[in-house]
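Let's learn to read a structure together, one feature at a time. Have a look at the chains first, and then we'll talk.

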Amino acid sequence: MPGTVRRRAPSPQWLLVAPALVLLTAILLVPLGRSVSRSVGTPSFTFAHYEALFTDGVTLTVLIRTALTAAVVTVITFVLGYPYAYLMTRVGPRVRGILMVVVLIPFWTSVMARNFAWIIILERHGPVNVLFKLFGLDLVLYESVAGVAVAMSQVLLPFMVLPLFSALGAIDRRLLLAARGLGSHPVAAFWRVYWPLSRGGVVSGLILVFTLSLGFYVTPALVGSPQQSLVAQLLGQRTTQLLDFEGASALGFVVLVVSLILVAWANRIGGTISAIGVVATNAPSATKGRS
Amino acid sequence: MTATVTRPADATPPAAAPATRRRDRAIDAIPWWLKLIGTVVALYLILPTLIVIPMSFSSASTFQFPPKDFSLRLYENFFTNPVWLSALRNSVVVAFLAALLATVVGTAAALGLHNLRGRLARFARTMLMISMVTPAVVIAVAVYISFLEWQLVGTFAGYVLAHAAIGVPFVLVSVTGALGGFDPKLLRASASLGAPPLRTFWFVTMPLIGRGIVTGAVFAFVTSFDEVVIALFLRSPDVQTLPVQMYNSVTVEIDPTIAASSSVVVTAVTAVCLLVQFVGGRRKSR
């Protein structure tokens with residue numbers, strides 16, 4: 001297209017973008033915007049609904065519990081995901097392909113099927129409980145925050161493994177061999193040479209998993225206990241049962257802002273979001289188009 | 001990306017004698033405990049999928065694993081019970097219409113944004129992608145309250161519009177990816193040969209980015225078909241989608257038909273994903 005045409009604003013290309021913008025604006029942005037204005041503008045301009053979040057005695061407890069659960073999930077996915085991603089960089093192309101497909105399985109598995117399966121696995125008399133009893137433990141994970149963390153970690157593992165895999169894959173492993181050739185202990189070689197190089201992928205994986213954990217609704221509602229609800233359930237309850245639209249809007253805005261800040265941070269560090277989107281939609285060349 | 005990253009580790013200098021190469025490999029072997037962890041994590045990732053299929057052949061009316069007896073009772077109930085059937089039908093209709101809408105507007109937006117530069121275009125792209133990074137429950141609450149006023153709660157139009165909006169990012173990403181290797185000179189060539197824009201789109205652009213569009217459409221369909229959080233807020237006694245009915249069957253009814261439903265959904269979604277990959281792969285290798 002000749003440059004002279006493009007310089008004349010606005011470009012006719014915007015006509016192609018317009019329908020999508022109208023749809024997204026009407027269906028998502030307007031409701032979100034109205035929810036923000038409702039939270040500060042009912043009955044007139046006020047921060048009372050935000051103050052109430054921190055003084056009603058419930059919301060703060062739930063927010064802290066949600067953050068702790070998210071932290072536990074982040075640690076679990078990191079502890080399991082780092083060695084897995086490292087293994088992916090070490091094996092041959094065929095095994096790596098299998099490991100990649102396995103990582104992507106949680107993306108494919110239906111939300112309700114997966115949560116249903118976790119109820120079966122974790123409930124009293126379920127396989128996990130039977131296994132625990134063999135070791136003399138009578139511990140039921142169903143209807144506990146621990147059970148929620150186990151179920152959430154499974155589905156969030158890809159969001160840890162994928163950024164880690166791209167970070168670890170870029171490290172030249174000969175550096176490790178060099179360190180050991182110069183007399184370094186394997187642990188020291190890992191800690192002083194490999195770990196610092198992997199830190200970018202680690203940080204973006206940690207932030208991403210933590211952020212996504214904050215918004216989980218179905219898993220805590222089905223696998224968790226009603227007495228120990230997380231913030232998403234509280235949001236749902238305020239909206240559909242208590243009809244406290246202002247309180248729900250204020251709480252929703254807090255969750256939204258925290259999530260967006262964390263995601264923007266992770267994105268700045270590793271370009272993770274685009275990488276996830278690309279893997280999720282299986283279009284390898286898309287990274288170049290975005291960024 | 002994946003192909004290049006591990007090259008350095010594998011590539012031993014060709015000058016090295018076989019003996020030293022073998023010693024290198026012994027020093028740098030994959031330790032057994034790493035393989036063990038990898039296997040355990042892989043099992044953890046596929047465990048729910050492994051559980052769902054045998055559960056669906058259970059003959060019990062409780063959620064017991066492993067099932068004591070096997071039968072096709074749950075499948076029979078799933079495909080004959082009007083409640084489950086209408087939920088399935090609603091989900092298919094909503095997902096089809098939502099995917100159609102998302103694909104049309106998403107593809108157009110990807111084509112437009114491909115030729116646009118500058119801050120405004122970047123901002124527009126971010127706005128279109130925003131649902132990917134917004135917690136579903138936050139969207140659900142905001143959409144529910146607004147839809148109450150617009151009288152869209154519990155209507156087909158409500159489900160379709162909300163699901164189309166969250167499907168657009170998938171279409172945008174995959175079509176943008178397909179456009180990455182697209183040479184704009186082809187459009188000028190086509191125009192100079194006398195083809196009107198629509199004809200050019202259909203015979204030049206479409207075949208080249210078709211795979212991206214199909215991939216995006218499939219993901220938009222699956223996203224809607226599987227979406228439960230927004231659907232839980234928008235549900236009405238008359239119109240419920242399949243994931244909502246599955247949710248009810250766990251929380252309210254304790255109906256093991258969910259096992260058959262889960263197995264059908266998991267199998268169907270996996271089949272569709274594999275099909276897209278297979279078709280795409282074949283076209284690429286041609």
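## Reading the features

A: Let's start with a pair: A:Arg238 and A:Asp56 join their side chains in a salt bridge (3.1 Å, N to O). This pair links distant parts of the chain, 182 residues apart, with A:Arg238 in helix H12 (residues 231-241) of chain A and A:Asp56 in the loop between helix H3 (48-55) and helix H4 (59-90) of chain A. Before we go on, some ground rules: this is a predicted model, where local features need pLDDT of at least 70 and side-chain atom pairs count only at pLDDT 80 or more, while totals for chains, interfaces and linings use all residues. Residues are numbered from 1 along each chain as its sequence is written, chains are lettered from A and ligands numbered from 1 in the order in which they are written, and side-chain values use heavy atoms, with hydrogens and water left out.

Q: How many salt bridges does the structure hold over all chains?

A: First the general idea: side chains of opposite charge can pair when their charged atoms come close. Here, a salt bridge means a side-chain nitrogen of Lys or Arg within 4 Å of a carboxyl oxygen of Asp or Glu. The structure holds 3 of them over all chains. One is between B:Glu149 and A:Arg34 (2.8 Å, N to O). That pair crosses between chains, from helix H8 of chain B to helix H2 of chain A. Another joins A:Arg174 to A:Asp172, with the closest N and O atoms 3.2 Å apart.

Q: Which of these words fits A:Arg238, buried or exposed?

A: The words depend on relative accessible area: under 20% is buried, over 50% is exposed, and partly exposed is in between (1.4 Å probe, protein chains only). A:Arg238 is at 9%, so the word is buried. Its partner A:Asp56, at 34%, is partly exposed. In the pair that crosses between chains, B:Glu149 is exposed at 52%, and A:Arg34 is partly exposed at 24%.

Q: How many helices and strands does chain B have?

A: Helices (H or I, at least four residues) and strands (E, at least two) are DSSP runs, numbered from the N terminus. Chain B has 14 helices and 0 strands. Of its 286 residues, 50% count as buried.

Q: Why is helix H13 of chain B called largely enclosed?

A: Count its buried residues: 9 of the 10 in helix H13 (residues 242-251) of chain B are buried, so the rest of the structure largely encloses this helix. Among them are B:Leu242, B:Tyr247 and B:Val250.

Q: What should I make of a cavity, and how many of 30 Å³ or more are there?

A: Picture a 1 Å grid over the protein atoms alone: a cavity is a set of points where a 1.4 Å probe fits but cannot get out, and lining residues have an atom within 4 Å of a point. Points are joined across faces, edges and corners, and the volume is the space filled by probe spheres set on them. The structure holds 4 cavities of 30 Å³ or more. The largest has about 1400 Å³ of space. Its lining has 45 residues, with A:Val111, A:Phe159, B:Met132, B:Ala136 and B:Phe170 nearest the centre.

Q: Which classes do the residues of that lining divide into?

A: Ala, Val, Leu, Ile, Met, Phe, Trp, Tyr, Cys and Pro count as nonpolar, Asp, Glu, Lys and Arg as charged, and the others, Gly among them, as polar. The lining of the largest cavity divides into 31 nonpolar, 11 polar and 3 charged residues. The second largest cavity has about 50 Å³ of space, and its lining has 7 nonpolar, 3 polar and no charged residues. Helix H13 of chain A gives the largest share of that second lining, 5 residues.

Q: Which residues in the loops of chain B have a positive phi without being glycine?

A: Look at the backbone angle phi and at where the residue sits. B:Gln151 has a positive phi of about 55 degrees and is not a glycine; this residue lies in the loop between H8 and helix H9 (156-179) of chain B. B:Ile254 has a phi near 45 degrees, and lies in the loop between H13 and helix H14 (257-285) of chain B.

Definitions and conventions
1 Å grid on protein atoms, 1.4 Å probe; cavity = no way out; pocket = protein on both sides within 12 Å on 5 of 7 lines; lining within 4 Å.
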